[in-house]
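Take a walk through the model shown here. Keep the chains and the DNA strands in view as you read.

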There are 2 protein chains.
Amino acid sequence: MRKIDLTNFQVATSETARHINRRIVLNLIRSHQPISRADLARHSGLQRSTVSVITEQLITERWVTEGANGHVPRGRRPRFLHLNKERVGIIGVNIRPAMTTLALANLDGHFVAQESLPTAKDPAQFIEDLIPRLQNLKKMRPELTCEGIGVSLPGRVDLTSQRLVFAPNLDWQDFDLKSPLEEATGLPVELENAANACALAEIWFGRRSESAQDMVALTVAEGIGTGLVLNHQLVRGSTGVAGEFGHTTIVENGLECRCGNKGCWELYASNSAAIRYYTGSKPTPQTPSFDDILRLASQGDLKAVEALNKMAHYLGVGIAMLVTGLAPDIILVIGEITRLWSQVGPIITRTVAERSLTHANTRIVPTDPVSHPRLLGTIALVLQQHFGAPSVA
Amino acid sequence: MRKIDLTNFQVATSETARHINRRIVLNLIRSHQPISRADLARHSGLQRSTVSVITEQLITERWVTEGANGHVPRGRRPRFLHLNKERVGIIGVNIRPAMTTLALANLDGHFVAQESLPTAKDPAQFIEDLIPRLQNLKKMRPELTCEGIGVSLPGRVDLTSQRLVFAPNLDWQDFDLKSPLEEATGLPVELENAANACALAEIWFGRRSESAQDMVALTVAEGIGTGLVLNHQLVRGSTGVAGEFGHTTIVENGLECRCGNKGCWELYASNSAAIRYYTGSKPTPQTPSFDDILRLASQGDLKAVEALNKMAHYLGVGIAMLVTGLAPDIILVIGEITRLWSQVGPIITRTVAERSLTHANTRIVPTDPVSHPRLLGTIALVLQQHFGAPSVA
DNA sequence: TGCTATTAGTTCGCGCCACGAACTAAACCA
DNA sequence: TGGTTTAGTTCGTGGCGCGAACTAATAGCA
């Protein structure tokens, strides 16, 4: 139950009913395609006549296409409806400290083009590098009219000023990414934190999304990010910085963090932490990458295995906090660490079980890295504007 | 932006627009009363004609009454509309480990009758004690037709079975409170965790509610409870146990908690913790109550002051976690501790400032205990069924 | 080959509802 | 007393969902 926000509400007009039912039908087609009008009526509870009018509208607006005929044991054959996945193209940009990937996707979330570039240290330089590639992607498939650009990044964006306000792993302070990209491409740009993007990817493209009213997406990379989905909605906070559980204190009087705090979770459970555990206090001439440690561990290197185990333990410590405090249905773990899930998964699960309430029935699930959750999330960011629940009252 | 839950949605009918606008008008009257039809039209954006029809409906259903005439510098005088606060009565029950209070309230949240009884150790006995008092309250004011009973308790209620599943400070395991009360009184009963109830009280009766899209209600008593309001909505989790931040680990290898975990926040920042800090390791013959400690501290007793300071420090430690992780607009502190806020407030604020992100702009606010937030929350629990946003799509 | 049962999809009149223009009511002011 | 202004009502119009009736198409069967 929500209270109506009297500072920002939406009254119903005579067209509101249509808006609502249209969205419902569009979403039913998206998730049940191919589907007939009669089945839509059965699934939605609307009359067949109403469904007919709505689908006709969706077809003339090219959101839906009419395909082959179906088969039923008796009676007239149904005409199948499909989502027109070629209706719009969406550009996604995934910024990570070292590398940025970008892609053009259709409504399915299928990437029709993909490329990457090194992330420049200077944000102005980065934008200069990025713009020609965006313009190129935009023109690449003329049949897909580009609708917008979604951007995920390892930091937080202020919701009112749309400027980067917190990105300790990306030294761009208080920078405006949105305006220059919008000006150069002529497309609307949506910025979102990487963990939030992963959460959106799971909501809109995941297989578990229907069951998950509450979910935490946990990105484990250079740092740790958490994206919160509670009551089926992304929690961003009124300023946009909600979800920084990676910077909660987990070790009293611990190491100093770039965020200004001490003993932050991400200092003990991120990829960088594992590297530190591996190299020890003395800095070796050539520091191994996290990929190196994963490879070494899978080859049986004891020091690497121990570093990962320690990282897994601390992941469990933080996840236990999330399980106790939020009792989500799913905690989605995203990152290179999932490649060795058979090793680290049990440690995480055990640590969580020891430290959290048994009443919370949370599944901890690794994501398949090939699904590109960060990039897919940026697509979802634009997609949800057409498929999300209409705002009323 | 919310995704439409295709397992549980609501299509729009021809009456949906009216439902929505009716709720909006009702809420506008509630928060702006006395208000004229013309002003309602201006505030809502609806046409004056539409407002007239809706208000007429609300008047015939006795939700709204027409009062005196207003005054405008020029033109015809407006006819003021008021919420009919005598329309329904709501019974609230606040269960605490030692004492249970109950009250009959009108739509204003004003208590027209109030009483209390000791909480029996045995839940069956407790219900037997409670029922005659409820029946008495129900008949007390014949002009108020009783609509329902709201119950707040220091524990968690499973959302599907409606049974108590987690109440470490109230030794009632897996008990069904709802059915016997509903049978005996013939009224619908709503159960809710005390911290959640306080959050609801603030949403529906607080003065800061409009500004707070995200809020955490923190009940500090025998234990510590947190009620989460994110995106203007209570977060309960799919099972009902979301919000147990009081049982997150805050001291590594700390004291054992009744919940089965070790080092839980509530062991270090609750009233019970302060009592332990005061008495020290050796148990004194007569253990002081938390009220005693508060009194001693206000009289300048050094040991009491130090016990409260330590408690305040740990409150700050936990609140810092909430601020970093959720970045709420407001953290509402409820409990006896707020009586000495001038002493403990600064300690809490300082600890939080040292340990949390500066980007989160969270106000930490003590509540006035005379407002009875737990009890008021139970009223809100029933009230929101008539005033909450209608569910569509 | 035609008849029947069954299912898909369309047509159309009805009632609900918000809109907005026109109208009435009631006040103040010069 | 008549003009101006604001409050509130009346009524015709169009959007929309409902549901009954209708057309279309298919399989089974005699």
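The paragraphs below go from the symmetry to the chain contact, then to the DNA and to one helix.

This is a predicted model. Start with the two protein chains. Chain B falls on chain A after a rotation of 180 degrees, with 0.0 Å of shift along the axis. The RMSD of that superposition is 0.1 Å. The two copies are thus related as by a two-fold rotation axis. Look along that axis for B:Ala17: within chain B, its C-alpha is the nearest to the axis, at 3.4 Å. Both copies use the same surface, since 100% of the contact residues of chain B recur in chain A.

Now turn to the contact itself. On one side stand 66 residues of chain B, on the other 68 residues of chain A. On the chain B side, two or more residues each come from α1, β8 (164-166), α6 (194-205), β12 (233-235) and α10 (302-326). Helix α1(B) gives the largest share, nine residues. By class, this side of chain B holds 31 nonpolar, 26 polar and nine charged residues.

Next comes the DNA. Around strand C there are 29 residues. The nearest are A:Ser49, A:Ser52, A:Gly75, A:Arg76 and B:Ser49. Both chains supply elements here: α2 (37-44) and α3 (48-60) of chain A, and α1 (16-32) and α3 (48-60) of chain B, give two or more residues each. The surface near strand C has seven nonpolar, 12 polar and 10 charged residues.

Move on to DNA strand D. It has 30 residues around it. Here A:Ser49, B:Ser49, B:Ser52, B:Gly75 and B:Arg76 come nearest. At least two residues each come from α1 (16-32) and α3 of chain A, and from α2 (37-44) and α3 of chain B. The classes near strand D are seven nonpolar, 13 polar and 10 charged.

Finish inside chain A, at helix α8 (residues 271-279). Which of its residues are buried? They are A:Asn271, A:Ala273, A:Ala274 and A:Tyr278. Seen down the axis of α8(A), these buried residues fall within an arc of 155 degrees, so they line one face of the helix. What do they pack against? Their partners in chain A are β10 (215-220), α7 (266-269), α9 (290-298) and α10 (302-326). Just past the end of α8(A) sits A:Gly280, with a positive phi of about 75 degrees.

Key:
Residues are numbered from 1 along each chain as its sequence is written. Chains are lettered from A and ligands numbered from 1 in the order in which they are written. This is a predicted model: local features need pLDDT of at least 70, side-chain atom pairs count only at pLDDT 80 or more; totals for chains, interfaces and linings use all residues. Copies are superposed by least squares on the C-alpha atoms of residues with pLDDT of at least 70 in both. Two residues are in contact if their C-beta atoms, placed from the backbone, lie within 7 Å. A residue is near a molecule or strand if its C-beta atom, placed from the backbone, lies within 6 Å of it. Helices (H or I, at least four residues) and strands (E, at least two) are DSSP runs, numbered from the N terminus. Ala, Val, Leu, Ile, Met, Phe, Trp, Tyr, Cys and Pro count as nonpolar, Asp, Glu, Lys and Arg as charged, and the others, Gly among them, as polar. A residue is buried if 20 or more other C-beta atoms lie within 10 Å of its own, exposed if 12 or fewer, and partly exposed in between; C-beta atoms are placed from the backbone. The arc is that of the directions from the helix axis to the C-beta atoms.
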